[in-house]
Amino acid sequence: MADNFLLFLLAISGAILASITGTIPGMHVNNLISILIPLFPILSRELGIEGLAVLIVSMAVAHTFVNTIPSTYLGAPDPSTGSILPAHRLLLMGRGHMAVVLTLAGSILSLILSLMILPMFMLVLPILSQIIEKNTSIVLSGILLFLIASERSYYRRIYAMFIVLLSGILGIYVLDLGFLDQDTALFPSFVGLFTAPTIIHSVLTSGKVPRQIIRVRTRRKELMRGSLAGTVAGIISGVIPGVSPSIAAGLIRKSRNEREYLVTIGGINTAEAMYAMVMLYLLGATRSGPAAALKSIFRDFSGDLFVVLIGTALVSGGLATILAMFLSRKFSSFVEKINYRLVAISVLFGLSSAIFLISGVRGILVEITALGIGILPIYFGCRRGSCMGFLLVPIAMRSLGLNELILPVFN
Amino acid sequence: MRGSEKLLLKLSLSCLIMGLSAMQSMGVNNQIYVDLGEISSELNGKIIMTWGYIFRAEENYLELSDGSSKLKVYTEKKGRIGDLVIASGRVKCWEKRCYLIPRYEGEVQIRNREPKKVSGIENREVGELVLLEAKLISEKDYGSFSVLRIKTKEEEIKVFSPKRLELTKGRIYSFSGLIVIYKGEPEIVLREVRELG
């Protein structure tokens, strides 16, 4: 194995690198990994495969910390997170830095909590995962029903059902009928379902960004409640296939206020990244892009390496928190001077260009269709997790064995 | 910097320290690489990494050989004679015999190998997995294993079979197995035997 000091340096480098890429609006960690994949042969030769694994984990964890900055200041969320509207609302109240600090607190507390839960989790996971695997269709159908039923009014439940259905049909076309290449199908779909509607909504509704106040008000109770909820939701998302962080956020109980909600959102992303790694180590299952990348370089995952990667996650999370706080202060100092609408539209244009380059005209078509669906929850006032019918409906159909019946109809 | 940010800073520094000590204590450097032949009771309790070819594959262990030395690795993983195994774990020695106990199944990596077709083993290297056609000269049964003598066009070869076989003398078979050194002489540890014609 590579020298410990080199591994430590790589953990720090990964956190710094992700702190730069994490500020790029709409940049998901999977995109980052897919950019790195062609470099894997060179990197593994130069750094050793353990070194490469440390770099991947460090970047994946740090990304979950830093991506709160473009979410808050530019209104462009990480596609898998879904809603950041509370953070953006705080920005418009001059409290952008507070939104970032709350999300970071959620992330770092969740990192610590998820490690504390880990020994107990390792005992129950083999049984739990067998139950989930045998009953995937029931679990996913149950989640879908819960997402719909937990809407606050009768009308919203009907709207949510409609959105699940529409996004499910889009999922069938894109994922099952191969409208897009499987490797790149998620990027245009998620940008359309989550990122673009948020940007458009914030461009249409937000006024001028006011001067930011660098003062943070939190209650320890809120931090604890939010991070615990975030950790539980993140674990659910990391363990059950097809359950994204935004679905998991919808499954846990409603946060009492915006501050607690932001702590929860930060916690979910980090706990999900951690438990995707745990699932890889314990069961060899890939639940995230970085986990799939790790699996592609390791035939087997040793216990020593797992502990080193846990250490990497801690180092990376610790450093990313400090870097993100620093970046947030910098952003706060000039965000009111920039033309927010111009930046937001440029971000949307940049993302669409990236989709066109990766998936061509078909990618743009999927993005526009997904945008039409993704904008609905904002205007109907229901949870944006309903759009995750995009993933849940095709997976549930597959596990129910309904594909052979339904796919010919759509074809 | 106010209270919440100070708290975050403290948590970050704690994470950095915990992470660094986890990386250091697990000590990827503590694991030393040792050749199979160098494993002795001096290494008792140490964590090592080694490699060898499967010499015997049983339900709960694989016996590895590098051609001249042997080592039992306790694992549930399945492999075939001649497959290359890279294993790490803790060395346990008892009455001058040492075993390797992997801490996790992931510490045993098996690389499947296919045999190379040859006509004799005289100029072959120890550890090679070979396939040859030969006539069975004799078979001596030792209960749980048997020792065969076979003859190719080029030479007469001793074959160790970890299982008892019931073959017919004078018939031609294809034998695949691993070349090892036993008491200074090369022999084949049988992986598979098939009757020809």
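Which residue in S9(B) is the bridge partner of B:Lys116? It is B:Val130. The model is predicted, and this pair is a good way into chain B.

Start with the overall make-up. Chain B has 197 residues. Its secondary structure comes to 1 helix and 13 strands. The helix comes at the N-terminal end of the order, and the strands follow it. Of the residues in chain B, 31% count as buried. Now take the contacts with a separation of 6 or more: 51% of them in chain B join residues 24 or more positions apart.

Next, strand S9 of chain B. S9(B) spans residues 129–141. It pairs with S8(B), with S10(B) and with S12(B). Take these partners in turn.

Strand S8 of chain B covers residues 116–117. It runs parallel to S9(B), and 2 bridges join the two. The opening pair belongs here: B:Lys116 is matched with B:Val130 in S9(B).

Strand S10 of chain B covers residues 146–151. Its pairing with S9(B) is antiparallel and counts 6 bridges. B:Asp141 has B:Ser146 as its bridge partner in S10(B). The two strands form a hairpin with 4 residues between them. Within that hairpin, look at the backbone of B:Gly143: its phi is positive, near 90 degrees.

Strand S12 of chain B covers residues 172–182. S9(B) and S12(B) are antiparallel, with 7 bridges. Two residue pairs show how they line up. B:Leu131 faces B:Ser176 in S12(B). B:Leu132 faces B:Phe175 in S12(B). Going up by one residue on S9(B) goes down by one on S12(B), as the antiparallel sense has it.

From S12(B), move on to strand S13 of chain B, residues 185–195. These strands are also antiparallel, and 10 bridges join them. B:Ile181 stands opposite B:Pro186 in S13(B). Here too there is a hairpin, with 2 residues between the strands. In this hairpin B:Lys183 takes a positive phi, near 50 degrees.

Put the pairings together. S8(B) pairs with S9(B) in the parallel sense. S9(B) pairs with S10(B) in the antiparallel sense, and S9(B) also pairs with S12(B) that way. S12(B) in turn runs antiparallel to S13(B).

Note on methods
Residues numbered from 1 in each chain as written. Chains lettered and ligands numbered in written order. Predicted model: local features only at pLDDT ≥ 70, side-chain atom pairs only at ≥ 80, totals over all residues. Buried ≥ 20, exposed ≤ 12 C-beta atoms within 10 Å, placed from the backbone. Contact = placed C-beta atoms within 7 Å. Pairing = 2+ DSSP bridges.
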